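Let's take a friendly tour through the inside of a protein model. Keep the structure in view as you read, and try to find each residue as it is mentioned.

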Amino acid sequence: MTVREILKMGDPRLLRVAKPVRQFDTPELHALIADMFETMRAAEGAGLAAPQIGVDLALVIFGFTTNRRYPDREPVPETVLLNPSVEPLSDEEDEGWEGCLSVPGLRAVVPRFAKIRYRGFDPLGHAIEREAAGFHARVVQHECDHLIGKLYPMRVRDFSRFGFTSVLFPGLDASEDE
């Protein structure tokens, strides 16, 4: 397993639409997923999309029991999701603070659908379908946005609630967003 470099906002590779995964259960896919988990854990992230490490595939991982970057958030089940789709279950939105490993040191209030259904495949090619709400739904939407070339600042509606973590949340160590 290898900790990979996480691309930062401004890198054009983060703006591409990811290609679907065509082959499941390959040694290369399993190695990539292992590297992604190693990278996410090293950065204390809640999730990671393959494009964030320069891999142009529709693959996201997410999940944690506890997370220092989001200490008050409920656990999210550890998931590997390939070729995902996200369907809102209502028009209801929640606003919440988000950060991103590709946008270090910054946070913003981002509107997201409150309840979603997501579908995709696991690494073996088995179908996954789940409903999610709360932070779980937010994480899935955030990570899947990476697959269509969107970073969370592109979803911000009120820039008075966008800024440096060290200013907005002085109790949090800003280096935790690096």
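This predicted model holds one cavity of 30 Å³ or more. Its volume is about 150 Å³. Which residues are the closest to the centre of this largest cavity? They are A46, Y70, G99, H142 and E143, out of 16 residues that make up the lining.

Two elements each give two or more residues to that lining: strand β4 (93-100) and helix α2. Of the elements, α2 gives the most, with five residues. What classes of residue would you meet around the cavity wall? The lining is a mixture, with seven nonpolar, five polar and four charged residues.

Now let's move on to the nonpolar cores. The largest one has 20 residues, and V60, F62 and Y118 have the most contacts inside it. Several elements each supply two or more of its residues: β2 (59-64), β3 (76-88), β6 (115-121), β7 (127-133) and α2 (134-146). Here too, α2 is the main giver, with five residues in this core.

F62 is a good residue to click on. Setting aside neighbours within four places in sequence, F62 is in contact with M40, A46, G47, V76, P77, E78, T79, L81, Y118, H136, V139 and V140. One of these partners, A46, is also among the residues closest to the centre of the cavity. Another partner, Y118, shares with F62 a place among the residues with the most contacts inside the core.

A second core, separate from the first, has 18 residues. Among its members are I6, M36, L48 and L59.

Finally, let's look at the backbone. Most residues other than glycine have a negative phi. The table shows two residues that have a positive phi although they are not glycines.

| Residue | Phi | Place | Relative accessibility |
|---|---|---|---|
| D25 | about 55 degrees | segment before α1 (27-42) | 45% |
| N83 | about 50 degrees | strand β3 | 22% |

Are these residues buried, partly exposed or exposed? D25 counts as partly exposed because its relative accessibility is 45%, and partly exposed covers the range between under 20% (buried) and over 50% (exposed). N83 is also partly exposed, because its relative accessibility is 22%. To find them, look for D25 in the segment before α1, and for N83 in strand β3, an element that also gives two or more residues to the largest core.

Technical notes: Residues are numbered from 1 along each chain as its sequence is written. This is a predicted model: local features need pLDDT of at least 70, side-chain atom pairs count only at pLDDT 80 or more; totals for chains, interfaces and linings use all residues. Side-chain values use heavy atoms; hydrogens and water are left out. A nonpolar core is a set of buried Ala, Val, Leu, Ile, Met, Phe, Trp, Tyr and Cys residues joined through side-chain atoms within 4.5 Å. Buried means under 20% relative accessible area, exposed over 50%, partly exposed in between (1.4 Å probe, protein chains only). Helices (H or I, at least four residues) and strands (E, at least two) are DSSP runs, numbered from the N terminus. Contact means heavy atoms within 4.5 Å. On a 1 Å grid over the protein atoms alone, a cavity is a set of points where a 1.4 Å probe fits but cannot get out, and a pocket is an open set with protein on both sides within 12 Å along at least five of seven lines; lining residues have an atom within 4 Å of a point. Grid points are joined across faces, edges and corners, and a volume is the space filled by probe spheres set on the points. Ala, Val, Leu, Ile, Met, Phe, Trp, Tyr, Cys and Pro count as nonpolar, Asp, Glu, Lys and Arg as charged, and the others, Gly among them, as polar.
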